[in-house]
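Biologist: Can you put the model up? I have a few things to ask about the ligand and the sheets.

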Amino acid sequence: MTAAVRTQVAIVGAGPAGLVLSHLLAEAGIASIIIDRRSREEIESTIRAGILEQGTIDLLASIEGSRAHTVGLRHDGIELRFDGAGHRIDFAGLAGRSVWLFPQHEALRDLLAARIGAGQDIRFGVTATTVEDASGTLPRVVAVDDAGTGLEIAADFVVGADGSHSVVRRAISGSHDGYFREYPFGWFGILCEAPPSADELIYSNSPDGFALISQRSPTVQRMYFQCAPDADADAMSDAQIWDALQARVPGHALIEGPIFQRDVLRFRSFVARTLRAGRLAIVGDAAHTVPPTGAKGMNLAVADVFLLSRALEGLLLRSDERPLDGWAEAALDRIWKAQHFSWWMTSMLHVAPDATDFDRHRQLGELRTVVGSEAGRTYLAEGYTGWPLG
Ligand code: DHB
């Protein structure tokens, strides 16, 4: 059995990109249906990065019921550590902007509550399998729910916000058609019960590799250290994890506490070659992946859909295709800036397994150049806090 429905915009994926897009479209009076293969509980418990740019937090805070400014905490800077000393990068003073620590799962909880409260048609446990009539003016998302019942959504436009294994990307260009880079390391991440080890986030370069001391709340902290890409998250004891972290932040004592979650993050850079074809587009992780250093992932997803919502207003409210024709180029402008920033922070702070003495001294020279001049610190502050939306 297959049910058939019709809407203006079919959105595959109820992550940040899909949910924010449905909100922006609804504000403009455009109807959408969202499907996601996951349950609401699974989506709300996704552990991802915690740093949002000013433009992202402003957009989220404008949505009914958002806790962005109550649960979220403003951070006016970070500490860059190397050679045993810390150097503050003053975002507010250098770039006139800040970032906000607002964990992605908290943002997702708010977004889901707001969209469901507003009557959004959103269907969990529904997996998209293909897009039919992809080159026509009424493409159809073909999907199946957990009970095996089919669903077909015919729409004026289909948006793939369906992550790195995107079905919509396959319909546009073939799933591997893109620019790709892998890194010879990953991050070992933990969540622990402890007070913050510092007021601001610490990005630390050391001879043993990189560590990031981040936060979640006054009682829960998020920390990462550089590891092998295929590291086993269960292979280390808590004591070994603390030793690894402490060794990578020399000169700054970390406050330890019980570790209640651990994971290994892969490092990849990816940009799909084609973001839009006819009445199909991909956004967020379906369109690009960044390595985690600098936490650009969710920010880029929100920027993609902010621009796309404007383009879809042109198409669906005014029959004007020109904004849509310029969308991919506008989105890619920011995507490649963020790709460069994420790659740059990653390569400046990590120690590659095959790094020579030359590489190591050059890296310290680069770090001293960045912190040693206002121009260097400003370059970092502007990239980290993000370029203004729109
Ligand atoms: C976090 C993750 C990042 O990749 C980053 O650059 C900063 C913070 C985090 O999970 O808190």
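Modeller: Start at the ligand: one of its oxygen atoms lies 2.5 Å from a backbone N or O atom of proline 292. A polar contact here is a pair of N or O atoms within 3.5 Å; within protein, one must be able to donate a hydrogen and the other to accept it, and residues adjacent in sequence count only if both atoms are side-chain atoms.

Biologist: What is the status of the coordinates?

Modeller: This is a predicted model, where local features need pLDDT of at least 70 and side-chain atom pairs count only at pLDDT 80 or more, while totals for chains, interfaces and linings use all residues. Residues are numbered from 1 along each chain as its sequence is written, and side-chain values use heavy atoms, with hydrogens and water left out.

Biologist: How far is a ligand oxygen from the polar backbone atom of alanine 295?

Modeller: That distance is 3.3 Å. For a polar backbone atom of glycine 50, the distance to a ligand oxygen is 3.5 Å.

Biologist: How much of the ligand's accessible area does the protein cover?

Modeller: 100% of the 290 Å² that the ligand has on its own. Areas come from the Shrake-Rupley method with a 1.4 Å probe; for residues, only the protein chains shown count as cover.

Biologist: Which residues are closest to the ligand?

Modeller: Tyr203, Ser214, Arg216, Tyr224 and Pro292, out of 15 that surround the ligand. A residue is near if one of its heavy atoms lies within 4 Å.

Biologist: How does the shell divide into nonpolar, polar and charged?

Modeller: 9 nonpolar, 4 polar and 2 charged. Ala, Val, Leu, Ile, Met, Phe, Trp, Tyr, Cys and Pro count as nonpolar, Asp, Glu, Lys and Arg as charged, and the others, Gly among them, as polar.

Biologist: Which strands each supply at least two residues of that shell?

Modeller: Strand 15 (209-215) and strand 16 (220-227). Strands (E, at least two residues) and helices (H or I, at least four) are DSSP runs, numbered from the N terminus.

Biologist: How are strand 15 and strand 16 paired?

Modeller: They are antiparallel, over 5 bridges; two strands pair if DSSP finds at least two bridges between them. Alanine 211 has phenylalanine 225 in strand 16 as its bridge partner.

Biologist: What is the strand order in the open sheet of 7 strands?

Modeller: 6-5-14-15-16-13-17, with mixed pairing. Strand 6 (85-90) and strand 17 (259-265) are at the edges with a single partner strand each, so one side of each has no neighbour in the sheet. On average, neighbouring strands are turned by 15° against each other, direction ignored.

Biologist: Which strands does helix 10 lie across?

Modeller: Helix 10 (residues 357-372) lies across strand 5 (77-82), strand 6 and strand 14, at about 145° to strand 5. Contact means heavy atoms within 4.5 Å; axes are lines fitted to C-alpha atoms, for helices over the stretch in contact, and angles run from 0 to 180 degrees between N-to-C directions.

Biologist: What sits between strand 5 and strand 6?

Modeller: A hairpin turn with 2 residues, where aspartate 83 has a positive phi of about 55°. The two strands run antiparallel, joined by 6 bridges, and glycine 77 has aspartate 90 as its bridge partner in strand 6.
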